[in-house]
Amino acid sequence: MKIIFATGNRNKLKEIQAILGDRAEVSIPADHGVTEEIPEDAPTLEGNALQKARYIHERTGLDCFADDTGLEVEALGGEPGVFSARYAAVNGAGEGHASADNMALLLRRLEGQQNRRARFRTVIALIRNGEEHLFEGIVNGEITLKKSGTEGFGYDPVFRPEGYAVTFAEMAPELKNRISHRGRATARLIEFLNAEGGE
Ligand code: IMP
């Protein structure tokens with residue numbers, strides 16, 4: 001079975017190809033001549049994942065999937081959510097290094113806040129034989145008072161998953177991948193593809 005992963009991120013591609021093994025041959029849009037940036041300007045994670053998958057499907061006619069992730073903080077009404085990658089920038093608080101700026105803004109907005117509950121949510125949109133399917137992965141946790149750890153990326157240094165005493169950035173990557181939002185959504189996608197049997 002052949003499938004396109006609508007991402008420009010070769011690390012994500014490698015990760016998923018390793019999980020799928022020889023059950024599927026995963027390629028990226030550039031392998032099919034689609035080299036421009038894929039638009040993602042929908043107001044929800046679901047909308048963005050579908051927008052990216054449809055964009056690739058319309059141009060290649062092939063099966064494909066796309067993902068979108070957001071950090072949703074309860075006391076901030078679900079912010080930064082769909083704006084997670086550009087949180088500081090869209091709030092005029094960016095100084096250059098997106099992750100550091102994003103975490104600084106988040107910690108500032110939560111100053112004095114008792115409720116620090118948050119979750120990461122990943123949505124994967126799959127277009128398979130012309131039909132659309134959505135898969136979700138969630139990890140609950142809380143925003144720490146300060147940054148700890150150097151592993152991972154994005155908000156990892158300030159996110160402590162439920163049931164653990166350390167942040168994502170203090171965890172071995174294998175453990176994070178097993179319990180993470182993306183790991184869980186990917187597991188559901190793979191379960192679906194496996195149940196189908198592929199071709
Ligand atoms: P994307 O949809 O995977 O590009 O994720 C959007 C943004 O969410 C990223 O730019 C990061 O800021 C944040 N993010 C996504 N996944 C993670 C994660 O596993 N750890 C920390 N931050 C993440």
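The radius of gyration is taken here over C-alpha atoms, and the globule rule sets it at 2.2 Å times the number of residues to the power 0.38. I note at the outset that the model is predicted.

**Entry 1: overall form**

I first looked up the radius of gyration and found 17 Å for the chain. A compact globule of 199 residues would have a value near 16 Å, so the two agree. I then took the extent along the principal axes: the C-alpha atoms fill a box of roughly 55 × 35 × 25 Å.

**Entry 2: elements along the sequence**

I recorded 6 helices and 7 strands in the chain. Their order along the sequence reads β-α-β-α-β-β-α-α-β-β-β-α-α.

**Entry 3: burial, contacts and surface**

I found that 45% of the 199 residues are buried. Among the contacts with a separation of 6 or more, 52% join residues 24 or more positions apart. For the surface, I noted an exposed area of about 10,400 Å², of which carbon and sulfur atoms supply 47%.

I also looked up the charged side chains, of which 24 are positive and 31 negative. The centres of these two sets lie 4 Å apart.

**Entry 4: strand E5 and its partners**

I turned next to strand E5, which spans residues 117–128. How many of its 12 residues are buried? I found 10, and I therefore describe the strand as mostly covered, where buried means under 20% relative accessible area.

Strand E5 pairs with E3 (residues 64–73) in the antiparallel sense over 10 bridges. Within this pairing I located Leu-71, whose bridge partner in E5 is Phe-120.

Strand E5 also pairs with E6 (residues 131–143), again in the antiparallel sense, over 12 bridges. I looked up two positions here: Ile-124 has Phe-135 of E6 as its bridge partner, and Leu-126 stands opposite His-133 in E6.

**Entry 5: the turn between E5 and E6**

I examined how E5 and E6 are joined and found a hairpin with 2 residues between the strands. Asn-129 lies in the turn and has a positive phi of about 50°.

**Entry 6: from E6 to E7**

I finally followed E6 to strand E7, which covers residues 159–161. In which sense do E6 and E7 pair, parallel or antiparallel? I recorded an antiparallel pairing over 3 bridges. In this pairing, Ile-143 stands opposite Phe-159 in E7.

**Entry 7: pairings in sequence**

Taken together, my entries place E3 beside E5, E5 beside E6, and E6 beside E7.

Definitions and conventions. Residues are numbered from 1 along each chain as its sequence is written. This is a predicted model: local features need pLDDT of at least 70, side-chain atom pairs count only at pLDDT 80 or more; totals for chains, interfaces and linings use all residues. Side-chain values use heavy atoms; hydrogens and water are left out. Helices (H or I, at least four residues) and strands (E, at least two) are DSSP runs, numbered from the N terminus. Buried means under 20% relative accessible area, exposed over 50%, partly exposed in between (1.4 Å probe, protein chains only). Contact means heavy atoms within 4.5 Å. Accessible areas come from the Shrake-Rupley method with a 1.4 Å probe; for residues, only the protein chains shown count as cover. Lys and Arg count as positive and Asp and Glu as negative; His and the chain ends are not counted. The place of a charge is taken as NZ of Lys, CZ of Arg, CG of Asp or CD of Glu. Two strands pair if DSSP finds at least two bridges between them.
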